[in-house]
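Me: I'd like to go through this model term by term. Each time I'll ask what earns a label, and you set the value against the cut-off.

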Number of protein chains: 2
Amino acid sequence: MVPVSDLTSHLGYWLRYVSNHVSHEFARKLEERGVTVAEWVLLRGLYDIKPASPSHVAERLGMTRGAISKLADRLIDKRLVERRANPDDARAQTLSLTQGGRALVPELASLADKNDSEFFGHLSLGERQLIQRILEDVVKRRDLKAIPTS
Amino acid sequence: MVPVSDLTSHLGYWLRYVSNHVSHEFARKLEERGVTVAEWVLLRGLYDIKPASPSHVAERLGMTRGAISKLADRLIDKRLVERRANPDDARAQTLSLTQGGRALVPELASLADKNDSEFFGHLSLGERQLIQRILEDVVKRRDLKAIPTS
DNA sequence: TCGATGTAGTTTCCTAGTCAACAATAAGGG
DNA sequence: CCCTTATTGTTGACTAGGAAACTACATCGA
């Protein structure tokens, strides 16, 4: 009846809604390990790339340098990440995990697995793959559009 | 090789990633109308329910009362929403759109349509419906779990 | 009727993330 | 060489949103 499209007719709305709730529940699980969702993402990101510059990490994770800067601050306070100067370039730095940070990642990963399966475990493998494929595809399309405009 | 699951193996990660980017681009579009994504959600929510209490709105939109309280403040400053006292109960209030707020909603709706189709327009109808169905389903399952525990 | 309990909104504090301005440093061009 | 321009990372201002404390009011039970 209304000539105005409903909130719930947009996939963006559902994505945002579900994403908020999934992240929120994951945050609750991570709490007992004293870590937040964003911190998990950075820790996991540093786990398999060797010491990397904040800029590099930012691009890899699709965040801004500012966000990484603040995140790194918190993780350094928690002794999970180290920031080191680069002798070749006084502007540059490298981030890497501490021993403690590295040890923590597998535990957090298992919480992530658990959370994901709580929310999406009831889906068939095919459904999960389809969604993931579609979401990855959306990211790729945006990147193609976004990069040239810089 | 690594015994630790990858970030990108979790649907929650992709949801969060894509959702952030979709919302961000939508925010950019809304900017010219002087409105944010969350504000759009509240405006649209008020568009077809008649004057409603903040609590009611909060539950409908899956947010906390605190969030609605702050959002309403901003929208009232912008003269898009009105807050009125309830004569029957001095604690209670009702939120409703102003003339200007009501007039704005259809314009915002068309921006929402445009944004959604930029990101998801390339998908087949079937794919869109599948994703939406799955996301709605996740919400339903969680709600069933969440309500009884209160 | 009055005290205990419950409920509506607001406020404060925190994490999260963007943007834009900034300082420091690097790299090139004349 | 120096001056301009580009790049690195940090910071401050802002929106966003949950949690929990708090105020004001309502309601129920003895």
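**What counts as what**

Me: A base nitrogen of DNA strand D is 2.7 Å from an N or O atom in the side chain of A:Arg65. What makes that a polar contact?

Reply: A polar contact is a pair of N or O atoms within 3.5 Å; within protein, one atom must also be able to donate a hydrogen and the other to accept it, and residues adjacent in sequence count only if both atoms are side-chain atoms. At 2.7 Å, the A:Arg65 pair is inside that limit, so the label fits. Two lysines reach a base oxygen of the strand: A:Lys70 at 2.9 Å and B:Lys70 at 2.3 Å. Keep in mind that this is a predicted model, where local features need pLDDT of at least 70, side-chain atom pairs count only at pLDDT 80 or more, and totals for chains, interfaces and linings use all residues, while side-chain values use heavy atoms, with hydrogens and water left out. As for names, residues are numbered from 1 along each chain as its sequence is written, and chains are lettered from A and ligands numbered from 1 in the order in which they are written.

Me: Which elements give two or more residues to the surface near DNA strand D?

Reply: From chain A they are H1, helix H3 (54–61) and H4, and from chain B helix H2 (37–48) and H4. H4(A) gives the most, with four residues. Helices (H or I, at least four residues) and strands (E, at least two) are DSSP runs, numbered from the N terminus.

Me: How do you know that a residue is near the strand?

Reply: One of its heavy atoms has to lie within 4 Å. Around DNA strand D there are 26 residues, and A:Ser55, A:Ser69, B:Thr36, B:Lys70 and B:Arg74 come nearest. Sugar and phosphate make up 71% of the strand D atoms that come within 4 Å of the protein.

Me: And which residues come nearest to DNA strand C?

Reply: Out of 26 residues there, A:Thr36, A:Lys70, A:Arg74, B:Arg16 and B:Ser55 come nearest. Here sugar and phosphate account for 67% of the strand atoms within 4 Å of the protein. Phosphate oxygens of strand C are reached by side-chain atoms of A:Arg74 at 2.2 Å, B:Arg83 at 2.8 Å and A:Thr64 at 2.9 Å. H4(B) gives the most to this surface, with four residues.

Me: How do the residues near DNA strand C divide by type?

Reply: Seven are nonpolar, nine polar and ten charged. Ala, Val, Leu, Ile, Met, Phe, Trp, Tyr, Cys and Pro count as nonpolar, Asp, Glu, Lys and Arg as charged, and the others, Gly among them, as polar.

**Buried or exposed**

Me: Why is A:Arg44 called buried?

Reply: Buried means under 20% relative accessible area, exposed over 50%, and partly exposed in between (1.4 Å probe, protein chains only). A:Arg44 has 2%, so it is buried. A:Arg44 is in helix H2 (residues 37–48) of chain A, and its side chain makes a polar contact with that of A:Asp48 (2.9 Å). Beyond four places in sequence, A:Arg44 is in contact (heavy atoms within 4.5 Å) with A:Val105, B:Val4, B:Ser5, B:Asp6 and B:Leu7.

Me: Is A:Lys29 buried or exposed?

Reply: Buried, because its relative accessible area is 6%. The A:Lys29 side chain makes a polar contact with the side chain of A:Glu25 (3.1 Å).

Me: What makes A:Arg79 and B:Arg79 stand out?

Reply: Phi is positive, near 60 degrees in A:Arg79 and about 60 degrees in B:Arg79, and neither is a glycine. Most residues other than glycine have a negative phi. A:Arg79 has 65% relative accessible area and is therefore exposed; B:Arg79, at 66%, also counts as exposed.

**The two copies**

Me: How do you know that chains A and B are related by a two-fold axis?

Reply: Chain B superposes on chain A through a rotation of 180 degrees with 0.1 Å of shift along the axis (RMSD 0.1 Å). The copies are thus related as by a two-fold rotation axis. The superposition is by least squares on the C-alpha atoms of residues with pLDDT of at least 70 in both. Also, 100% of the interface residues of chain B are interface residues in chain A too, so the copies meet through the same surface.
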